[in-house]
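Q: Please take a close look at one part of this model, the open sheet. How is it put together, and what surrounds it?

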Amino acid sequence: MDTKQIEQVKLMLATKKNVVIIPHRNPDGDAIGSSLALYHYLKNDHHVKVVAPNDYPSFLKWLPGTNTVQLFDKQNSQAKKTLAAADIIFLLDFNVLHRIGDDMKNTVELFKETFIMIDHHQQPDTDLTEFIYSDTSICSTSQMIYHFLEKLGGIDSITPEMATCMYVGIMTDTGSFRFPSTTSTTHRIIADLIDFGAKNAQIHNNVYDTNSYSRLQLLGRSLSNLKIEPEYKTAYITLSQAELDMFNYKKGDTEGVVNYALSLSGVVLAAIFIEDVEQKIIKISFRSKGSFSVNQLARKHFNGGGHDNAAGGRSEISLEETVSEFVKLLPIYKNNILKSDEV
Ligand code: 5GP
Ligand code: MN
């Protein structure tokens with residue numbers, strides 16, 4: 001977004017509007033954090049709603065404003081009404097419409113007014129709107145919201161609620177400030193957010209230390225299922241639907257599990273394959289260390305995408321077949337995987 005477009009955005013927001021904010025399907029901490037931060041910023045002057053494609057994990061359900069979020073799948077007619085009344089739709093933490101799922105995409109595609117996209121993934125759909133703030137070097141969309149507020153001259157309006165939401169988004173998308181995308185600017189912004197009222201210790205506790213017993217048992221099962229392919233510096237985990245059921249799986253319970261595979265000494269490529277019988281897919285998360293791009297791997301072979309070191313995808317064959325396809329790819333990518341430096 002250039003200066004001229006920022007001026008246009010300011011002009012659009014100068015009068016009261018119906019604003020809808022949409023995060024991607026299966027929203028994570030950054031998607032919900034950035035959406036609710038922007039919600040709190042705009043809500044005093046506009047009619048604002050966050051409409052999420054579907055539900056999100058309980059470890060995010062304490063965020064200020066969480067009770068106002070509409071779920072497109074569960075509150076369908078209400079969400080459709082909200083979308084139909086919109087003057088401006090913000091698309092946060094994704095950059096192609098299929099990331100909100102086919103049902104919601106069909107509704108959102110009917111929208112003829114202004115989309116504003118703020119996102120840090122690669123290859124944004126530039127046909128969707130001219131109002132695109134895209135920067136793949138920034139760790140999180142929540143940090144981009146902070147920069148967006150800077151552009152709008154809104155930093156002084158940051159409330160403790162907004163600071164908390166942005167803090168959560170930055171914290172979760174940087175693996176608690178440890179991924180290479182974490183910069184000194186990120187830390188400066190985090191310091192500002194604490195000054196604006198984000199309670200850092202409480203936030204970490206609310207997100208990371210609210211596990212259920214069954215979630216930890218599921219983690220135990222995931223770790224017993226861990227397989228290592230030392231020749232390819234690769235490790236992966238599988239979870240079948242039966243295993244998820246056995247441990248009373250709830251949305252969000254498998255979040256972060258793939259990182260245990262990546263935490264093995266010497267491993268630079270990690271994956272988790274999770275069976276979803278209802279959607280008839282295997283959901284895959286990929287992680288890497290160094291130069292090996294899991295975004296490219298996910299795009300090319302698993303109908304997905306993401307970032308160079310964290311991406312996701314899916315397959316429509318069985319769990320065993322999906323894993324076998326993945327293992328078959330390893331020799332093809334062996335050189336690139338072995339070249340991928342450990343950070
Ligand atoms: P996760 O593995 O945590 O679900 O996702 C890792 C990253 O990849 C996130 O930035 C997420 O938005 C992106 N991602 C996950 N699944 C998909 C997918 O199916 N398609 C695309 N394009 N990106 C994905
Ligand atoms: Mn993100």
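A: Start with the central hairpin. Strand 9 (residues 269-276) and strand 10 (residues 281-288) run antiparallel, joined by 8 bridges. Strands here are DSSP runs of E with at least two residues, helices are runs of H or I with at least four, and both are numbered from the N terminus. Two strands count as paired if DSSP finds at least two bridges between them.

This is a predicted model: local features need pLDDT of at least 70, side-chain atom pairs count only at pLDDT 80 or more, and totals for chains, interfaces and linings use all residues. Residues are numbered from 1 along each chain as its sequence is written.

Within the hairpin, isoleucine 274 stands opposite lysine 283 of strand 10. Aspartate 276 faces isoleucine 281 in strand 10. The hairpin has 4 residues between its strands, and lysine 280 takes a positive phi near 55°.

Strand 9 also pairs with strand 8, in the parallel sense, over 6 bridges. There, leucine 239 has isoleucine 274 as its bridge partner. Of the 8 residues of strand 9, 6 are buried, so the strand is largely enclosed by the rest of the structure. Buried means under 20% relative accessible area (1.4 Å probe, protein chains only).

Now the whole sheet. Its 6 strands have the order 7-8-9-10-12-11, with mixed pairing. Strand 7 (227-229) and strand 11 (305-306) are the edges, each pairing on one side only. Helix 13 (residues 319-339) packs on the sheet and touches strands 7, 8, 9, 10 and 12. Contact means heavy atoms within 4.5 Å. The direction of helix 13 makes about 170° with that of strand 8. Axes are lines fitted to C-alpha atoms, for helices over the stretch in contact, and angles run from 0 to 180 degrees between N-to-C directions.

Methods. Chains are lettered from A and ligands numbered from 1 in the order in which they are written. Side-chain values use heavy atoms; hydrogens and water are left out. Buried means under 20% relative accessible area, exposed over 50%, partly exposed in between (1.4 Å probe, protein chains only).
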